[in-house]
Amino acid sequence: MIIIPAIDLKDGKCVRLFKGEEGTETVFSEEPAEVARKWEACGAEWIHVIDLDGAFSGEPGNMEVIKNIAGSASCPIQVGGGIRNIETVREYIGIGVKRVIIGTAAFSDEEFLREACREFPGRIAVGIDTKNGKIAVKGWKEVIDADTDEVLEGLRNIGVSLVLNTNIDRDGTMEGINIEAARDFIEKSPLPVIASGGIATTGDLDKLAPLEGLGLYGAILGKSIYTGTIELKDAIERYS
């Protein structure tokens, strides 16, 4: 289980939201590239970057900041948020992003998703963010009525490399992982899964670790490593 530190960007700053709601951000750093180097020094194998401005507006809002992060850290980074056309995918790959995460457009523009998977095999992931048991899109402001099993099978057939499942109801709350929901999702998925949302202590990681045999690939840590309830270096050494 790879432990992946997160950097969420809003107005060029490193922030965390509460339950993914716009306007609830807490700023943890105004130097995201320094944060990336800090996480890399802790042993991070990957860094997870989300452009919140992009997620809310539908267009990239922190391209230069992400370029600086990619240029500052030697470990690979994955980026999501507002990626809704092939030109944006190409731009991110061009500045050094290793994996691109497509969210909303994966559910509204299948041809774009197919094109991205064909052009960048193995480097396209889909973010499936769940809110009250439903898939949330457009910066988590809307939910769609879709069968998760069918969605996951369709993504595999298209050529998606893995999926990220964020439990928005827990994200940023420090309430702990909803392990039943995480297990249910991982068991359904024919693709490797990165779990996210609510991971607050190493106790949550203890609950997740056994799911690696079911298809869990990694766990994303956000607020916990910014507030110190989890020491990233220790978590990487223990679980990765």
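**Exercise 1. Place Arg118 in the structure, starting from its side-chain partner.**

Solution. The side chains of Arg118 and Glu111 are joined by a polar contact of 3.1 Å. A polar contact is a pair of N or O atoms within 3.5 Å; within protein, one must be able to donate a hydrogen and the other to accept it, and residues adjacent in sequence count only if both atoms are side-chain atoms. The model is a predicted one, in which local features need pLDDT of at least 70 and side-chain atom pairs count only at pLDDT 80 or more, while totals for chains, interfaces and linings use all residues. Residues are numbered from 1 along each chain as its sequence is written, and side-chain values use heavy atoms, with hydrogens and water left out.

Next, locate the residue: Arg118 lies in helix H6 (residues 110-119). Helices (H or I, at least four residues) and strands (E, at least two) are DSSP runs, numbered from the N terminus. Then consider accessibility: Arg118 counts as exposed because its relative accessibility is 56%. Buried means under 20% relative accessible area, exposed over 50%, and partly exposed in between (1.4 Å probe, protein chains only). Finally, the C-alpha atoms of Arg118 and Ile158 are 8.8 Å apart, with these positions 40 residues apart along the chain.

**Exercise 2. Determine which residues of H6 are buried, and what they pack against.**

Solution. The buried residues in H6 are Phe112, Leu113, Ala116 and Cys117. They cover an arc of only 135° around the axis, so they sit on the same side of H6. The arc is that of the directions from the helix axis to the C-beta atoms. Their packing partners are helix H4 (86-94), strand S6 (99-102), helix H5 (104-108), strand S7 (124-131) and helix H7 (148-158). Contact here means heavy atoms within 4.5 Å.

**Exercise 3. Analyse the two faces of H1 and of H11.**

Solution. Begin with helix H1 (residues 32-41), where Pro32, Ala33, Val35, Ala36, Trp39 and Glu40 are buried. Seen down the axis of H1, these residues fall within an arc of 155°, so they line one face of the helix. The face turned away from the buried side carries the exposed residues Lys38 and Ala41. Just after H1, Gly43 adopts a positive phi of about 105°.

Turn to helix H11 (residues 232-239), whose buried residues are Leu232, Ala235, Ile236 and Tyr239. They cover an arc of only 100° around the axis, which puts them on the same side of H11. Exposed Glu237 and Arg238 are on the face turned away from that buried side. The buried residues of H11 pack against H1, and also against strand S1 (2-10), helix H9 (202-208), strand S12 (216-221) and helix H10 (223-227).

**Exercise 4. Describe the surroundings of the acidic residue Asp51.**

Solution. Asp51 belongs to strand S4 (residues 47-51). Asp51 is buried yet has no salt bridge, and the nearest side chain of opposite charge, Lys10, is 8.4 Å away. A salt bridge is a side-chain nitrogen of Lys or Arg within 4 Å of a carboxyl oxygen of Asp or Glu. The side chain of Asp51 does reach the backbone nitrogen of Asp53, at 3.2 Å. Leaving aside neighbours within four places in sequence, Asp51 has contacts that include Leu9, Glu59, Pro60, Ile66 and Tyr92.

**Exercise 5. Characterise the fold as a whole.**

Solution. The protein has 11 helices and 12 strands. Buried residues make up 55% of its 240 residues. Among contacts between residues at least 6 apart in sequence, 69% join residues at least 24 apart.

Terms used:
Lys, Arg positive; Asp, Glu negative; His and termini not counted.
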